[in-house]
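This briefing goes through one protein model by topic, beginning with how its helices and strands are placed against one another. Please read it alongside the sequence and coordinates shown here.

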Amino acid sequence: MNVMTREENKTNIQLELVREFDASPEEVFKAWTDPVALKAWMAPEGMTCPDAEANAIVEGSYKFPMVSSNGEVDTAVGHYTCVEAPCKLAFSWSWLQEDGSVGHPMHVTLEFERLPDNRTRMKMLHINLADQELKERHTSGWESCFNCLDSYLTS
């Protein structure tokens, strides 16, 4: 029988996304760090995040309880590892489990690049995804969240 050790089984599946917004890097950065703004957009389409919490300082924590239309709640939690307004933001990312424990640890880095006409190119790198299924779920979730962010920024 061939048994893989925990170390051999580790993968570092990554997700990279790029999105442009018709808003300045300062506005996009603030949307990611201001609790009032996060309550308005931080969840995939069809969900809400009315109780978002964020203390956007290095080692500060956040909590994003995302509520579906049927009342189910999925909560992302973590802490900020880099806060460099308005250029870069990084944070740990995990999902709270039913028993209250923190799930698989991941990490997200966002870079905000100023484009002509005061627009922003946002680059996201989400690392340490446990498997391909988790990557696919996060890809669709983040893309949907970015649609909400775009609507928030242009409203």
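In this predicted model, helix α4 lies across strands β1, β5, β6 and β7, and its direction runs at about 15 degrees to that of β1. Helix α2, which spans residues 25-33, also packs on the sheet, where it touches β1, β2, β4, β5, β6 and β7, and its direction makes about 155 degrees with that of β6.

**The sheet**

- The sheet is open and is formed by 7 strands in the order β1-β7-β6-β5-β4-β3-β2, with antiparallel pairing.
- Because β1 (13-21) and β2 (53-54) stand at the edges and each has a single partner strand, one side of each is left without a neighbour in the sheet.
- Strands of a sheet pair through backbone hydrogen bonds, in either a parallel or an antiparallel arrangement.

**Pairings from β3 to β7**

- Strand β3, made of residues 61-67, pairs with β4 in the antiparallel sense over 7 bridges, and within this pairing Ser61 stands opposite His79 of β4.
- Strand β4 (residues 73-84) is joined to β5 by 6 bridges, again with the two strands running antiparallel; a hairpin of 3 residues connects β4 to β5, and Glu84 has Lys88 of β5 as its bridge partner.
- On its pairing with β6 (residues 106-115), β5 is likewise antiparallel and joined by 6 bridges, with Leu89 standing opposite Leu110 and Ala90 having Thr109 as its bridge partner.
- Strands β6 and β7 run antiparallel and are joined by 9 bridges, one residue pair being Arg114, which stands opposite Thr120 in β7.
- The hairpin of β6 and β7 has 3 residues between the strands, and Asp117 in this hairpin takes a positive phi near 65 degrees.

**Burial and the nonpolar core**

- Strand β5, covering residues 88-95, is mostly covered, since 6 of its 8 residues are buried.
- The largest nonpolar core has 38 residues, and those with the most contacts inside it are Trp32, Met42, Phe64, Trp93 and Trp142.
- Helix α4 (residues 132-154) supplies the largest share of this core, namely 7 residues.
- In soluble globular proteins, nonpolar side chains tend to be buried together.

**His138 and its surroundings**

- His138 lies in helix α4, and its relative accessible area is 7%, so this residue counts as buried under the 20% limit.
- The side chains of His138 and Trp93 are joined by a polar contact of 3.3 Å.
- Leaving aside residues up to four places away in sequence, His138 touches Leu15, Trp93, Trp95, Met106, His126 and Leu129.

**Cysteines**

- The count of disulfides in the model comes to 0.
- Cys49 is in no disulfide, and the nearest cysteine sulfur, which belongs to Cys145, is 8.7 Å away, whereas a disulfide would need the two sulfur atoms within 2.5 Å.
- Cys145 is in no disulfide either, and the nearest cysteine sulfur to it, that of Cys148, is 6.2 Å away.
- Both of these residues count as buried, Cys49 at 1% relative accessibility and Cys145 at 3% relative accessibility.

Note on methods. Residues are numbered from 1 along each chain as its sequence is written. This is a predicted model: local features need pLDDT of at least 70, side-chain atom pairs count only at pLDDT 80 or more; totals for chains, interfaces and linings use all residues. Side-chain values use heavy atoms; hydrogens and water are left out. A nonpolar core is a set of buried Ala, Val, Leu, Ile, Met, Phe, Trp, Tyr and Cys residues joined through side-chain atoms within 4.5 Å. Buried means under 20% relative accessible area, exposed over 50%, partly exposed in between (1.4 Å probe, protein chains only). Helices (H or I, at least four residues) and strands (E, at least two) are DSSP runs, numbered from the N terminus. Two strands pair if DSSP finds at least two bridges between them. Contact means heavy atoms within 4.5 Å. Axes are lines fitted to C-alpha atoms, for helices over the stretch in contact, and angles run from 0 to 180 degrees between N-to-C directions. A polar contact is a pair of N or O atoms within 3.5 Å; within protein, one must be able to donate a hydrogen and the other to accept it, and residues adjacent in sequence count only if both atoms are side-chain atoms.
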